[in-house]
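The following exercises are to be worked through with the sequence and the three-dimensional model at hand. Each task is followed by a solution in steps.

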Amino acid sequence: MAQITLSNLRHSYHSNPESDADYALKKIDLTWEDGGAYALLGPSGCGKSTLLNIISGLLVPSEGKILFGDQDVTSLPPAKRNIAQVFQFPVIYDTMTVYDNLAFPLRNRGRDEDIVKQRVTAIAEMLEVTDMLNTRAANLSPDNKQKISMGRGLVRQDVNVVMFDEPLTVIDPHLKWKLRSKLKELHQRVKATMIYVTHDQTEALTFADKVVVLQDGEIVQMGTPVELFERPAHTFVGHFIGSPGMNVLPCNVKGGAAFFGGEQVRLEGPAKDVANGGAEVGIRPEFVSIASNGQGVEAVVRKVADVGRHKVVEAIAHDSRIHAILEGEAPSAGEAVKLQFKQSQTRLYKDGWLASSPEEAA
Amino acid sequence: MKTQNQRAWFFVLPVLLLVAFNALIPMMTVVNYSVQETFGDNLFFWEGLRWFQEVLQSERFHNALGRQFFFTFMILIIEIPLGIAIALSMPKKGPWVPVCLVLMALPMLIPWNVVGAMWNIFTLPDIGLLGYFLNHTLGISYDMTQDPVAAWVTIIVMDVWHWTSLVVLLSYAGLVSIPNAYYQAAEIDGASNWAVFRFIQLPKMKTVLTIAILLRFMDSFNIYTEPFVLTGGGPGNSTTLLSIDLVKIALGQFDLGPAAAMSLIYFAITLLTSWLFYTLMTKDDNKA
C-alpha cells in the first residue's frame with residue numbers, strides 16, 4: 001500500500017499530438033492518499049477511463065510519471081503494479097466455481113492453498129456469497145457476478161489500489177443501492193485506497209471521501225462532497241453536481257460589485273480583480289428563495305415541479321432561467337415574484353472559474 | 001378466453017410437404033430397397049433383415065467403416081487444434097484482418113472435385129509440383145498410386161488444406177467477440193498466457209467449436225468427391241472410405257438391397273455420433 005502520485009501526466013491516443021485538443025488527458029497532477037476513498041467524476045468521454053487505465057498500467061501515458069510511494073511505475077505492466085480493477089461489465093471466469101474465481105489472483109501469484117482458503121473465505125463472507133462458493137460462476141445473476149469481480153479485486157491483501165470503472169452500470173436500480181453501501185462498508189473494512197470512476201454524481205458523492213471532477217481531460221476540482229456542493233471551483237462543477245445544477249447568470253462587474261440585469265447582486269465577499277466580460281454569478285437553487293419583503297430580482301415563474309420532499313420552481317429573470325428549491329408554499333406558474341439569493345452562497349465566476357472569496361477571508 | 005383450433009397445421013403444411021418430398025419419401029424408397037431383393041423389371045422379393053445382417057457381418061463393411069473412422073479422427077485431431085492456433089495468431093484489428101479472412105476463406109470456395117483434381121496433379125511424381133519436389137529434389141520416394149501410406153497422407157493433408165479454414169473462421173469469430181475487459185482483468189489478476197487461453201478464450205469459443213467439430217465430423221464422415229477424384233479409393237482398397245464403398249456396391253455392382261441397408265446403417269451411425277457429441281457438449285449449459 002502506498003500513496004499514488006501522478007505528476008505532469010499527459011496522454012494522447014494520437015501518435016503525433018499537435019494541439020491540446022489531441023490530448024485525452026491534458027495535464028494531471030494529483031496525489032491519492034493511502035487508504036482514501038476517491039471518486040473520479042465526469043461526463044462520458046472526459047478521460048476518466050483513460051486516467052484509470054494509466055494508473056492500472058493498461059495504458060502507458062504519453063508524458064509524465066506515476067509513482068507508487070517512491071517507486072516510479074510508469075512503464076510497469078499491470079501484474080507488477082499490485083493493483084486491482086473492477087470493470088463496467090462483470091468479468092468472471094465462466095468455467096470456474098465462485099471459489100476458484102476468487103482464488104484465481106492468489107493462485108496465479110503462487111500463494112499457499114491455506115492462505116488462499118483463508119482469504120477467499122473472508123472475502124466471501126464480506127460479500128455475502130459464502131453459500132455460492134461451490135456453484136459455477138457462469139450461472140450467477142449479474143449483481144452477484146459483479147460482486148465476484150469485486151471480490152477478485154479485494155482478495156489480495158497487499159494491493160496498492162482498487163479501481164472501479166463504473167461498476168454498477170449493468171446492475172438493477174434496487175440492487176445498485178445495496179452494492180454501493182456494500183462497497184462503502186468494504187472500504188472501511190479493508191482500508192485499501194479505492195478509486196471509483198463514474199458519471200453518476202449520486203454514486204460519487206455517496207461513496208467517496210474526496211471527489212475529483214474531470215472535464216475534457218483536465219481536473220476541474222478535487223474536494224469533499226460538501227466542498228463540491230458549496231464552493232464549486234468551476235461553473236461546470238456547479239452544473240454537474242446538484243439536481244438541478246447551479247444557476248449561472250451573466251453579469252456585469254463595476255467597482256467590485258456584480259450587476260445582474262442592472263440590479264446589484266450581493267456576493268459572498270470581494271471579487272478578485274475582474275475586468276468586464278465573461279463574468280457570471282453562481283447560486284445554487286437551494287439558496288434561492290422568494291422574497292417576502294418585496295426586494296429582490298424580478299422574475300416570472302414558468303414551471304413548478306413537485307418532486308416530493310420539495311418543489312422545484314423554474315423562473316425567468318432578465319432572459320435567464322433561474323431554478324429555486326422551495327420547501328412548503330410555492331408560487332404557481334405565470335406569477336411574478338421577487339427572488340432573493342442567500343448572500344453567503346452567492347459566488348462570482350470569471351470565464352468559468354471561481355473569482356470571489358468569502359468575506360472573512362478578505 | 002383462449003380459443004383453441006387446429007389452424008396452425010395449415011401453416012406447417014407447406015414445410016411438411018417440402019420435407020416429405022425431398023427427404024422422407026426418398027428415404028422411404030431406400031428403406032423399401034433395404035428389405036427386398038430385385039432383379040429388375042420392377043419385381044421385388046421380401047428379404048426381411050437379411051441385407052442388414054449381411055452388411056453388419058461383412059468384413060468389407062468393417063474395414064471401410066474402420067478407415068472412415070480413422071480418416072475422421074485424423075482430420076479432427078489435426079484441424080481443430082491447428083484451426084484454433086491459426087485463429088489465435090490472426091490479427092484482431094488493423095488492415096491485415098480482411099486480408100487474412102479472405103485468404104482463409106479461399107480454399108473453402110473451391111469446388112470439391114476441383115480440390116481433388118488439384119491435389120492429384122500437385123502430387124504427380126513426375127510433373128506435379130509437390131510430387132516432383134519430394135521425389136527428385138528431396139529424394140523421398142512418393143507415389144500415392146503405389147503406396148497406401150502416401151495415399152493416406154495425401155487425402156488427410158488435402159482435407160486439412162481444404163477445411164481447416166472453417167475451424168479458423170469459426171474460432172476467430174468466437175475470439176473477437178470476447179470483450180477486452182476480460183483480457184485486462186486477466187492481466188491484472190496475473191494470469192499466464194496459458195491461463196488466459198484455458199479460462200477465457202477456450203470457454204468463450206466452446207459454442208463455436210462445438211459447431212465446428214460437428215460440421216467437420218459430419219462432412220468428413222460423409223466425404224466422397226475429393227478422395228474419389230484423388231485416389232479413387234486406391235491403391236487397392238486402402239483409401240476406400242464408406243461412401244466410396246457404398247457407391248461401388250450400389251452403382252458398380254448394382255446390389256441395391258445391400259447398398260440400401262448399408263446407407264441406413266451409415267446414416268444411423270452419423271446421426272447417433274452427432275447426437276451423442278452434441279448432447280455431451282451441451283450437457284453443462286443446461287444445468288441451472
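**Exercise 1.** Determine in which helix B:A195 is found, and decide whether B:A195 counts as buried, partly exposed or exposed.

*Solution.* The model is a predicted one.
Step 1. B:A195 belongs to helix 9 of chain B, which runs over residues 193-221.
Step 2. A residue is buried with 20 or more other C-beta atoms within 10 Å of its own, and exposed with 12 or fewer.
Step 3. B:A195 has 16 C-beta neighbours inside 10 Å and therefore counts as partly exposed.
Step 4. For position in the chain, B:E47 serves as a reference: 148 residues separate B:E47 and B:A195 along the chain, and their C-alpha atoms are 60 Å apart.

**Exercise 2.** State which residues of chain B the UniProt annotation "domain: ABC transmembrane type-1" covers, and describe the helix and strand content of that span.

*Solution.* Step 1. According to the unreviewed UniProt entry, the annotation extends over residues 65-277 of chain B.
Step 2. Residues 65-277 of chain B are 77% helix and 0% strand.
Step 3. The C-alpha atoms at the two ends of this span are separated by 19 Å.

**Exercise 3.** Characterise chain A as a whole, by its secondary structure, its extent and its burial.

*Solution.* Step 1. Chain A contains 9 helices and 22 strands.
Step 2. The C-alpha trace of chain A spans about 75 × 45 × 35 Å along its principal axes.
Step 3. Chain A has 362 residues, of which 42% count as buried.
Step 4. Taking the contacts in chain A between residues at least 6 apart in sequence, 66% join residues at least 24 apart.

**Exercise 4.** Identify the domains assigned to chain A and describe the contact between them.

*Solution.* Step 1. The assignment gives domain 1 (4-234) and domain 2 (243-361) of chain A.
Step 2. A distance of 38 Å separates the C-alpha centres of domain 1 and domain 2 of chain A.
Step 3. Domain 1 of chain A contributes 4 residues to the contact, and domain 2 of chain A contributes 5 residues.
Step 4. On the side of domain 1 of chain A that touches domain 2 of chain A, 2 residues are nonpolar, 1 is polar and 1 is charged.

**Exercise 5.** Establish the strand order of the open sheet of 5 strands in chain A, and examine the pairings at its edge strands.

*Solution.* Step 1. The order is 16-20-17-18-19, with antiparallel pairing.
Step 2. Strand 16 (288-290) and strand 19 of chain A are the edge strands, since each pairs on one side only.
Step 3. On average, neighbouring strands of this sheet are turned by 45° against each other, direction ignored.
Step 4. At one edge, strand 16 of chain A pairs with strand 20 (residues 336-341) of chain A through 3 bridges; here A:I290 has A:L339 as its bridge partner.
Step 5. At the other edge, strand 18 (residues 311-317) and strand 19 (residues 320-326) of chain A are joined by 7 bridges, and A:V313 is bridged to A:A324.
Step 6. The hairpin of strand 18 and strand 19 of chain A has 2 residues between the strands, and A:H318 takes a positive phi near 45° there.

**Exercise 6.** Describe the contact between chain A and chain B.

*Solution.* Step 1. The contact involves 20 residues of chain A and 15 residues of chain B.
Step 2. On the side of chain A that touches chain B, helix 2 (78-81), strand 6 (83-86) and helix 3 (98-108) of chain A each supply at least two residues.
Step 3. This side of chain A comprises 12 nonpolar, 5 polar and 3 charged residues.

Key
Residues are numbered from 1 along each chain as its sequence is written. Chains are lettered from A and ligands numbered from 1 in the order in which they are written. This is a predicted model: local features need pLDDT of at least 70, side-chain atom pairs count only at pLDDT 80 or more; totals for chains, interfaces and linings use all residues. Two residues are in contact if their C-beta atoms, placed from the backbone, lie within 7 Å. Helices (H or I, at least four residues) and strands (E, at least two) are DSSP runs, numbered from the N terminus. Ala, Val, Leu, Ile, Met, Phe, Trp, Tyr, Cys and Pro count as nonpolar, Asp, Glu, Lys and Arg as charged, and the others, Gly among them, as polar. Domain bounds come from an automatic or database domain assignment. Two strands pair if DSSP finds at least two bridges between them. UniProt positions are given in the numbering used here, feature names are shortened, and annotations may be inferred rather than shown by experiment. Axes are lines fitted to C-alpha atoms, for helices over the stretch in contact, and angles run from 0 to 180 degrees between N-to-C directions.
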